[in-house]
Amino acid sequence: MKAKYLIFSLLILCLMFCGCEIKNFNLPSWNVNLKVPLINEHYYVSDLVDSVNFFMENDSIIVQASGDFEANPLNNIPVVLLDEPEDATLLSGIEATGSFSLSQAQDSIRLSYGVISQGEIDFNFSGMSPEVISASLVFQEFRDNTGAPLTISYNNLTGWRSVNLEGYYFGQEGSDNVINQLDYDLHVTSSLPIGTPVGNLEIRMGGPVYFSLIRGIVTSYKILMNNSLANVDVEYPEGVSDAIQIKSAKITIDVHNPYSFACLMNGQIYGRNDDGEEAVYNIPQSEAYLIHPVNDASGGFTRLIFEGTEVNNLVQIMPTHVELREAFFSVYNPNHQIGEMNIHELLNGTYIVRTPLVLEFTDKEIMPADSTEIEISDDNIDLIEENINDVHLMMSIVNRLPIGGQITLFFSTDPNFRPDVNDPSQLVKSAHLSALTYQEQEIDLNLDKNEIKMFTHPYVYMRLKIKFDNTNGPVSITATPEDYIGIRCMLQVNAHIEES
Amino acid sequence: MKKIYFIGIFLAVVCLLPSLQTATSLPFSGSYLMRAQGAEAVYWNPASLNSNYKNFVIPVLNLTGGIFNNAFDLDTYNFFCSRDTLSEKDKARLLSKIDSNLRFKTDENIMLFGMTFGNLALASGTHIAAHGRFDKDYLRIILYGNEETDYFFTKEDNQVEGLVYQDITLGAGNWNISPYFKLPVLPAIKVGASASILIGGAVAETDKFIGTLHSDFDGMQLKQDVYLRTGILGIGTKALLGVESEPLPNLSVGMSLDNIGGFIKWVGENKMYHYNVESDSVFAADLEEDFVTEVDSSWSIGNFTTKIPPELRLGAYYSFRKINVSADYVQGFKASQVTSPIGYFCFGAEFLPLPVLPLQIGYRPGNKDQPWSFSYGIGIRVKPVNLGIGIQSVSSIIPGYKTRGVNFAGNFSIHY
């Protein structure tokens, strides 16, 4: 009996100390789903406004491209004063007055005042009697900077000689009286009886006199433009010019005219696109587009606005190069108003091509030519290879814009790859975004284990293709607070956890 | 944050430390109200003190130690460690083991010294009580990821708490109060009382715990706000009242009310540790930015008091020849490091095939706090030596692969 109790007690002891296998600690691996919020952004149309190319106007977005232009420096304004030689008979003891008719009296420039920057007057005393003591010709209209009139004197020399007119003033400063003839005073003294012809004086001007400032009546004068300043090259996202059509545009030309003559702008705005299409807008010649002179209420500022079918035609070819061609300004003075032109002041201005974002989208595809390089670090490659099973990119998008389309992303390890949905070496992901949605659109892009392998290369190249939905008519892009694309992204990663 | 980790690890280690306790109670799964005798009675029921049983508890040789949790057993551990990869089914199996949180707990009474003097006894013991609990959702996130949109973590499911204190207890009993009732049919009703001076060693209390994780299209919001209060060196008191009677031959019943006026006031180096990490509306695209605000600080605080709430214990004991059985019911009144408001039963039995060879068994049904357990013990009772060893198996009838925890105990005392 006692042995039984002993055995029973030993059994209890065995129970108490019975051995159990306890495995060495080993951390197994497992998969977890990690949800990582990626972004939550609202992209407002109004954010496009940069006050350089994008402006807001009554909640509408205005896109504009602008260029400057400037007239060629006038240098000197040539005016032909005498187109024919003139002569006068010198009579002994006579103080005579006379005048030469100015050829400019019939020309487009009739001066009342001018500052001469270049010019000569030639004279020749011929057939002079030896008894002549002195002879001089005084032009009252030409004065030097001391106010002394131009005097041509006989000094016993014959033959053609010249007087340099540079620095002389022609006429009275501020005068509104147009000078139609060149008055002169002739003084001859000799020992011969009074009235005896003692010689002859010939006057001529071999060419125009150049003025740095003119005042008078200008009825026709061409102010040439420096066209190279007005060339603008426009770059569009790849293919976008095929996919959209701009419905209307407006060309605004602001001109600062420093002259006291009204002008008309001449020339054409020429546009050309990469497909070789050309369009020209001829700037209309009309008093409606008169450029105001500096001396009226406008202070010389004029804004010319051109719009209409021809302007639209120019913009709708989506020109990549725009230039002003054969452009010049012509003085417009049908009422023969007195005015001034100074070569030190240049006519200049800006031209602005403005178009509201009223577009029509076609269903053509846009695809930038260049791929985007994505560099993946060795650490991330290891992480992707060993820990990432699949990835879901869940997007919740509100598109309040009237534009929708199919967005396709192509990935390849070849930097020069050509996107091809049928190429198995490429990873292709596509999603459609509808226009004007008030409800959130759920887009789920999934990358499985095989597809993720693409990102285990050090460099992956991505290209984007957008195919807009055809809007079947123009749509207006406005910039109210309700015009935005809201994107919320959540990355759901199925990751493999293991002891490193 | 490192300090908080350190304290957490410390508390976990405390759970594992071999420790002295009234090791004689372990084989009975704590059904010991009516079994405690001699110096041990000052902790259980001082009414039992009497001059017929004198003993001296040997220091150091009364050892008990172990660990348990409410969820995982050895089988689960081996299964976990034997898998190369956890399948969805495996993960579900792991999670199914946990109700709302994963709990570790120890509640030990370490008797360092004890001696009886007639109806008096003087004893000293060290008490180590610690528990930690961690929300099931933490494990869910580790295993499955943050599949849900919202996770909330509260102090109810996430805390670490620990208390180490020593007592010097003087008890007296064996006072028969039945004559005062002047009812001749009344059996003897003995009462006793003990009073303790408590010397606090260390305390750690989770003062505040708030954790949230929100993840959706609006970003990820993370908040973790933890306040942990610690104290070193405290002083306090508590009292225990006990009563027992033998209404029928071989049947005795009793009751005790422990922790009366129990408290420890921490007067030494007291600190509050605060760790806060917050991020709001975080998106991966913004990770370059400084998106997390982190506060890791600690500061000294004034004295504070840890209350030790009362605990009521009812017990019955019946002996018949070579067998005796007992049953206890324990009801705390408030949650604390050492008490629980969730009541529990425990049962014990002893078989004496030989007068010197007690074989013991105990059973404690499970409740929300703790899984069920079985205890076993064997001893040698030869005057003047009383020794024994015991083992407790949690969630398993015998220690094995299904055990969620084990406690070992050894006791040695001299009675005369």
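This passage looks at the contact between chains A and B, helix α4 of chain B, and a nonpolar surface patch on chain B, all in a predicted model.

Taking the pairing of the chains to begin with, chain A and chain B bury about 3,400 Å² between them, and 67% of that area sits on carbon and sulfur atoms. On the chain A side, 37 residues take part in the contact, while chain B brings in 45 residues. As for charged pairs, the rule picks out one salt bridge across the interface of chain A and chain B. Asp218(B) and Arg488(A) meet through their side chains in a salt bridge, with 2.6 Å from N to O.

Helix α4 of chain B, spanning residues 88-96, has two faces worth telling apart. Its buried residues are Asp90(B), Lys91(B), Leu94(B) and Leu95(B). These end up on the same side of α4(B) because they cover an arc of only 135° around the axis. Turn to the other side of α4(B), and Lys89(B) and Ser96(B) are exposed. What do the buried residues of α4(B) pack against? Their partners come from both chains: β1 (30-44) of chain A, plus α3 (74-82) and α5 (136-144) of chain B.

One of the buried residues in this helix, Asp90(B), carries a charged group in its name but little open surface: it lies in helix α4 of chain B and has 6% relative accessibility, so it counts as buried, the cut-off being under 20%. Leaving aside residues up to four places away in sequence, Asp90(B) touches Phe79(B), Arg83(B) and Thr85(B).Elsewhere on chain B, the surface holds a nonpolar patch. The patch is formed by Ile168(B), Ile197(B), Ile199(B), Ile232(B), Leu233(B), Ile235(B) and Val267(B), which together have about 580 Å² of accessible area. Two strands of chain B, β7 (189-216) and β8 (219-248), are the elements that give two or more residues to the nonpolar patch. Of the contributors, β8(B) gives the most, with three residues. Leu233(B), one of the patch residues, is found in strand β8 of chain B. With a relative accessible area of 48%, Leu233(B) is partly exposed, because that value falls between the 20% limit for buried and the 50% limit for exposed.

Terms used:
Residues are numbered from 1 along each chain as its sequence is written. Chains are lettered from A and ligands numbered from 1 in the order in which they are written. This is a predicted model: local features need pLDDT of at least 70, side-chain atom pairs count only at pLDDT 80 or more; totals for chains, interfaces and linings use all residues. Side-chain values use heavy atoms; hydrogens and water are left out. Buried means under 20% relative accessible area, exposed over 50%, partly exposed in between (1.4 Å probe, protein chains only). Helices (H or I, at least four residues) and strands (E, at least two) are DSSP runs, numbered from the N terminus. The arc is that of the directions from the helix axis to the C-beta atoms. Contact means heavy atoms within 4.5 Å. Patches are made of residues with over 30% relative accessible area and no salt bridge: like charges are joined within 9 Å, nonpolar side chains (Val, Leu, Ile, Met, Phe, Trp, Tyr) within 5 Å. Accessible areas come from the Shrake-Rupley method with a 1.4 Å probe; for residues, only the protein chains shown count as cover. A salt bridge is a side-chain nitrogen of Lys or Arg within 4 Å of a carboxyl oxygen of Asp or Glu. Buried area is the accessible area (1.4 Å probe) that two parts lose on being put together, summed over both.
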